[in-house]
Amino acid sequence: MTTQTIDRSTDLSQALDKLGPDETLKYNSDYLRGHIASDLLDRITGGVTFASNKLMKFHGIYQQDDRDIRDERRRQKLEPALTFMVRVRLPGGVCTPEQWLKIDKLAQAHGGNTIRLTTRQTFQFHWIVKEDIKPTIEGLHDVLLDTIAACGDDSRGVMATADPADSDIHAEVAELSKQLSDHIIPKTRAYHEIWYGEERVATSENEEPFYGKQYLPRKFKIGFVVPPSNDIDVYTQDLGFIAVTGPNGVEGFNVTIGGGMGRTDNEPKTYPRLADVVGFIPKDRLLACADAVMGVQRDYGNRVVRARARFKYTIDDKGLDFIKSEIEQRMGAPFEPARPFELTTNGDGFGWRQTDRGMWNYGLFIANGRVSDLPGRDIMTGLREIAKVLSGNLRLTPNQNLIIAGVAPEDKPQIEALLAKHGLAESDKTSSLRLNSIACVALPTCPLAMAEAERYLPDLITKIEAILEQNGLAQEPITIRMSGCPNGCSRPYVSEIALTGRAPSKYNLYLGGGFHGERLNSLYAENIGEERILEILSEKLSAYANERAPGERFGDFVTRTIDRERAA
């Protein structure tokens, strides 16, 4: 037992009136029921109350409005054009053809004829009006999908390395991600009552034996990675599991804790943080480990200041040694020393590749995860036609792309023909910079966005590609990520080039992240526009082309030269 004195003035041990307002809201919500059901019936407004909006996040739903027309509607004294984003829980990003076709059908009916693939390997519907939320969730239920805990102060969707090159290992890890996701989601029956119309059953049992009435202090992110790929950016997760394999498959996991991307501009007490590797666990201790880690955050996390409520701050405030000791006590066993591992990339593979079982996978590049039909590239229609004949599955990647997986050799010509017919056959032919890009949704739907991301990054990349071409770097793999605000949904702070929104057309520029996500980048310039962004990148890319060491990545070069500049 540890004898260390720990400050508990901001955690669950305190009286409710000493904690932040979100804690009271959760406590009094009747296990996430609140007044959601009655708010959905109110046809006077297209939205819901403040409290219901907060609680609906635990159900995977965000209220949003069209910010492109917000000012005009305000001038006309109209309510904002309120709609909802609905996010699916999809552990490991594994989707059957039947599920894909249902997602496609729901998007056509309720979601503006578009689907968004996210950086956490799942689907988001946008533009769903209030009366269509329930039909959408009922439709998902038809194919055994739900939106439970896709948002809110709970454990979010569990990620897993997407590309099943080693079929048995990746299949096992994907299944473990599903088992863990099913284990850690809230157990309240509120979801089934509100969205499926089930009757409430009187019971004396505790509805939330793990979460309790106040759930977690903030969101909690978990992911599995299979080396050498770090496509989930394991060091950015609150809890990460790095697979250690042997002759009989997965032997266990190296465990990482305390990663997180979010920060707030001009708030030095908020910052991105990379996770620490704390040791190894055998495979049979997986659920116990997750319970222990989440339990420590539940009990010790900051519930007074939400900006400091993520697990990374709990670790830094209480100390890594204390947190590790608490986890081990709750797990009932100490961590073993971490096993050797190597991560070499955090990107995706594109085009056709064969697995160890002789099946074929096709890595399909989807710019910023936006599935819709474009001139010359019928992404939505093409994937619909492929899903109708696919005998394998579709795997959403953490980089907003898609893998058409498990294609038998005899079925490959048919899939190839459909890819060609719909303009999807040359995913690996675009620039390496574009293939290694990520952008969050940002405007017009995200209420937090201060600048464009998804709608702007493709055009900016075109201009950067010209600089790369001039310097003989056209096919040099460089990671670039853009977020419309500093919260970091696109995981920008581990990329080699990152832009986070500060104001319309203004961004903070970060440089020098590790190519496989092992190092945070550094702020290089604040609140700058496109002209200055391109000037800086032109200077840095030219220097990289002329002065880099053999095999040196752009992020490593920038870090080395910036450190040299600062030393001078």
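# Close-up views of a predicted model

**View A. Glu496 reaches the backbone of Gly555.** A polar atom of the Glu496 side chain sits 2.7 Å from the backbone nitrogen of Gly555, a polar contact (a pair of N or O atoms within 3.5 Å; within protein, one must be able to donate a hydrogen and the other to accept it, and residues adjacent in sequence count only if both atoms are side-chain atoms). You're looking at a predicted model, where local features need pLDDT of at least 70 and side-chain atom pairs count only at pLDDT 80 or more, while totals for chains, interfaces and linings use all residues. Residues are numbered from 1 along each chain as its sequence is written, and side-chain values use heavy atoms, with hydrogens and water left out.

Glu496 belongs to the loop that joins strand S19 (480-483) to strand S20 (497-503); helices (H or I, at least four residues) and strands (E, at least two) are DSSP runs, numbered from the N terminus. With a relative accessible area of 0%, Glu496 is buried (under 20% relative accessible area; exposed is over 50%, partly exposed in between, with a 1.4 Å probe and protein chains only). Setting aside neighbours within four places in sequence, Glu496 has contacts (heavy atoms within 4.5 Å) that include Pro477, Tyr510, Phe515, Arg553 and Gly555. For a sense of scale, the C-alpha atom of Thr256, 240 residues away along the chain, is 22 Å from that of Glu496.

**View B. Arg308 holds two polar contacts in a loop.** Helix H9 (286-300) and helix H10 (311-318) flank the loop where Arg308 is found. Which backbone oxygen lies 2.6 Å from a polar atom of the Arg308 side chain? That would be the one of Lys269. The Arg308 side chain also makes a polar contact with the side chain of Asp317, at 2.5 Å. Not counting residues up to four places away in sequence, Arg308 touches Lys269, Tyr271, Asn302, Tyr313 and Asp317. Its relative accessible area is 14%, so Arg308 counts as buried.

**View C. His422 is tucked into a loop between two helices.** Helix H13 (412-421) comes before His422 and helix H14 (432-435) after this loop residue. Buried or exposed? His422 has 6% relative accessibility, and is therefore buried. Beyond four places in sequence, His422 touches Gly376, Arg377, Asp378, Thr381, Gly382 and Glu385.

**View D. Ser542 in helix H16 meets a residue from elsewhere in the chain.** Ser542 is part of helix H16, which covers residues 530-547. At 26% relative accessibility, Ser542 counts as partly exposed. Asn471 is 71 residues apart from Ser542 along the chain, but their C-alpha atoms are separated by 6.0 Å.

**View E. Strand S7 has a parallel partner in S6 and another in S8.** S7 covers residues 222-225: Ile222 and Phe224 point one way, Gly223 and Val225 the other, and all are buried. S7 pairs (at least two DSSP bridges between two strands) with strand S6 (residues 159-160) over 2 bridges, in the parallel sense. Across that pairing, Met159 is opposite Gly223. Pairing with strand S8 (residues 239-246) is parallel too, over 4 bridges, and here Phe224 has Phe241 as its bridge partner.

**View F. Five strands make an open antiparallel sheet.** The order is S1-S2-S5-S4-S13. Strands S1 (61-65) and S13 (370-371) are at the edges with a single partner strand each, so one side of each has no neighbour in the sheet. Inside the order, S2 (residues 82-87) and S5 (residues 123-128) run antiparallel, joined by 3 bridges. Phe84 has Ile128 in S5 as its bridge partner.

**View G. The second largest pocket takes lining residues from helices and strands.** A pocket is an open set of points on a 1 Å grid over the protein atoms alone, with protein on both sides within 12 Å along at least five of seven lines; lining residues have an atom within 4 Å of a point. The volume is about 700 Å³, meaning the space filled by probe spheres set on the points, which are joined across faces, edges and corners. What lies nearest its centre? Of 30 lining residues, those are Val94, Thr96, Ala174, Lys178 and Asn393. Helix H7 (167-184) gives the most to the lining, with 6 residues. By class, the lining has 12 nonpolar, 11 polar and 7 charged residues (nonpolar: Ala, Val, Leu, Ile, Met, Phe, Trp, Tyr, Cys and Pro; charged: Asp, Glu, Lys and Arg; polar: the others, Gly among them).

Definitions and conventions: On a 1 Å grid over the protein atoms alone, a cavity is a set of points where a 1.4 Å probe fits but cannot get out, and a pocket is an open set with protein on both sides within 12 Å along at least five of seven lines; lining residues have an atom within 4 Å of a point.
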